[in-house]
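Subject: Structure for you to look at

Hello,

Here is the structure I said I would pass on. Please open it and keep it beside you while you read the notes below.

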Amino acid sequence: MAKNLKDKVAIITGASSGFGRGIAIALAKEGVRVVIADIQEAPSQGGFETNAGTTTVDEIKSNGGDAYFVQCDVTSHADVKRMMAASVECYGKLDIMINNAGIFRGGKFAHEFTEDDLEACWRINVKGTWFGCQEAVNTFMKQGHGGNIINLVSTAGLQGHPKQSVYNISKGAQANLTRCFAIEYGKYGIRVNGICPTYAKTALTRQLFDDKNFDDFFVESIPLGRWGEVSDVANLAVFLASDDSSYMHGDLVRLDGGETLCRYSA
């Protein structure tokens, strides 16, 4: 058991599928009461989830956990406020906020991306995380006993990549957002950290995973020689949510099989 997680309350955005679903299930196993916040309750199609026909809430409850679904569009500040109010009304408090909802745009050179591509990444990845952090801080400050924010960033927030400039721009902003909130609110006992995965097996990457040429290139370029798994991210999120990581603050934790060390070639 991770230290001091039992009976804490966590909100995870984008938790119907992918990283968010994996994190929610992992936290629930540690005794956390979890709020599943997403625009839809059903898992996205084409992912790698076990029991993909079952909602995250039902999956957690079937294993004895406690979970509650709130519909939320993270690009709407009003929706995020409503999500926060509904969560606190349901469970009486908030201890952990995990801003996981995100979108990917790639496959084009910078001059080929449209304004809509840029706007989509900015609204969901940056504004969605900003609203989540703001409302979590407001709630934590009212409660007066600190809190914990975890943002799902990416290695794209730490370095450049070809053919995904609009995504990298948004993730770079999200990385600095994480740093700024950590600087301003640490003195109130509010910890803020980011997780920076490389490509992992989710619905967002299914097309790339199924492309044999890309799969071969990617696996050969990663020193550990494999794709990331949702469980890799979920396990790290549990650690960062717990008191086992109580002196980690403002970190952007690489979870990339060595990707940011180099592009490996045998």
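Two strands count as paired if DSSP finds at least two bridges between them. In this predicted model, one such bridge links Ile 96 to its partner Asn 148 in β5.

The sheet

Start with the strands. Seven of them make up an open sheet with parallel pairing, in the order β3-β2-β1-β4-β5-β6-β7. The edge positions belong to β3 (67–71) and β7 (252–255); each has a single partner strand, so one side of each has no neighbour in the sheet. On average, neighbouring strands are turned by 20° against each other, direction ignored.

Some of the pairings can be followed bridge by bridge. Strand β1 (residues 9–13) runs parallel to β2 (residues 33–38), and five bridges join them. Within this pair, Thr 13 has Ala 37 in β2 as its bridge partner. β1 also runs parallel to β4, with three bridges between the two. There, Ile 11 stands opposite Met 97 in β4. β4 in turn pairs with β5 in the parallel sense, over four bridges.

Are the residues on the two faces of β4 buried or exposed? Ile 96 and Ile 98 on one side, and Met 97 and Asn 99 on the other, are all buried, and both faces of β4 are covered.

Helices across the sheet

Two helices are worth finding next. Helix α3 (residues 77–91) lies across β1, β2, β3 and β4 (96–99), and runs at about 155° to β3. Helix α5 (residues 165–185) lies across β5 (147–152), β6 (190–197) and β7, and runs at about 160° to β6.

One residue of helix α5 is Ile 183. Its relative accessibility is 69%, so Ile 183 counts as exposed, the cut-off being over 50%. The C-alpha atoms of Ile 183 and His 249 are separated by 8.8 Å, although the two residues are 66 apart along the chain.

The largest pocket

The largest pocket has a volume of about 920 Å³. Its lining is made of 42 residues, and those that lie nearest the centre are Asn 100, Ala 101, Gly 102, Ile 103 and Leu 204. Which elements each supply at least two residues of this lining? They are α1 (18–29), β2, α4 (115–143) and α5. The largest share, three residues, comes from α1. Sorted by class, the lining of the largest pocket has 19 nonpolar, 18 polar and five charged residues.

The cavity and Thr 129

A search of the whole structure for cavities of 30 Å³ or more finds one. The largest cavity has a volume of about 30 Å³. Its lining consists of Thr 13, Val 74, Asn 99, Asn 100, Ala 101, Ile 124, Gly 128 and Thr 129. α4 gives the most to this lining, with three residues. By class, the lining of the largest cavity has three nonpolar residues, five polar ones and no charged ones.

Several of these residues have come up before. Thr 13 has its bridge partner in β2, Asn 99 is one of the buried residues of β4, and Asn 100 and Ala 101 are among the residues nearest the centre of the largest pocket.

Thr 129 is placed in helix α4. Why does Thr 129 count as buried? Its relative accessible area is 1%, and buried means under 20%, so Thr 129 falls in that class. Leaving out residues up to four places away in sequence, Thr 129 touches Asn 99, Ile 124, Asn 151, Gln 174 and Leu 177. Asn 99 and Ile 124 also appear in the lining of the largest cavity.

A loop residue

Last, look at Ala 42, in the loop between β2 and α2 (56–62). Ala 42 has a relative accessibility of 41% and therefore counts as partly exposed. Apart from neighbours within four places in sequence, Ala 42 is in contact with Ser 16 and Ser 17. Gln 164 is 122 residues from Ala 42 along the chain, and the C-alpha atoms of the two are separated by 28 Å.

Regards

Methods: Residues numbered from 1 in each chain as written. Predicted model: local features only at pLDDT ≥ 70, side-chain atom pairs only at ≥ 80, totals over all residues. Heavy atoms only, no water. Axes fitted to C-alpha atoms, helices over the stretch in contact; angles between N-to-C directions. Contact = heavy atoms within 4.5 Å. 1 Å grid on protein atoms, 1.4 Å probe; cavity = no way out; pocket = protein on both sides within 12 Å on 5 of 7 lines; lining within 4 Å. Points joined across faces, edges and corners; volume = space filled by probe spheres on them. Nonpolar A, V, L, I, M, F, W, Y, C, P; charged D, E, K, R; others polar. Buried < 20%, exposed > 50% of the residue type's maximum accessible area, 1.4 Å probe, protein only.
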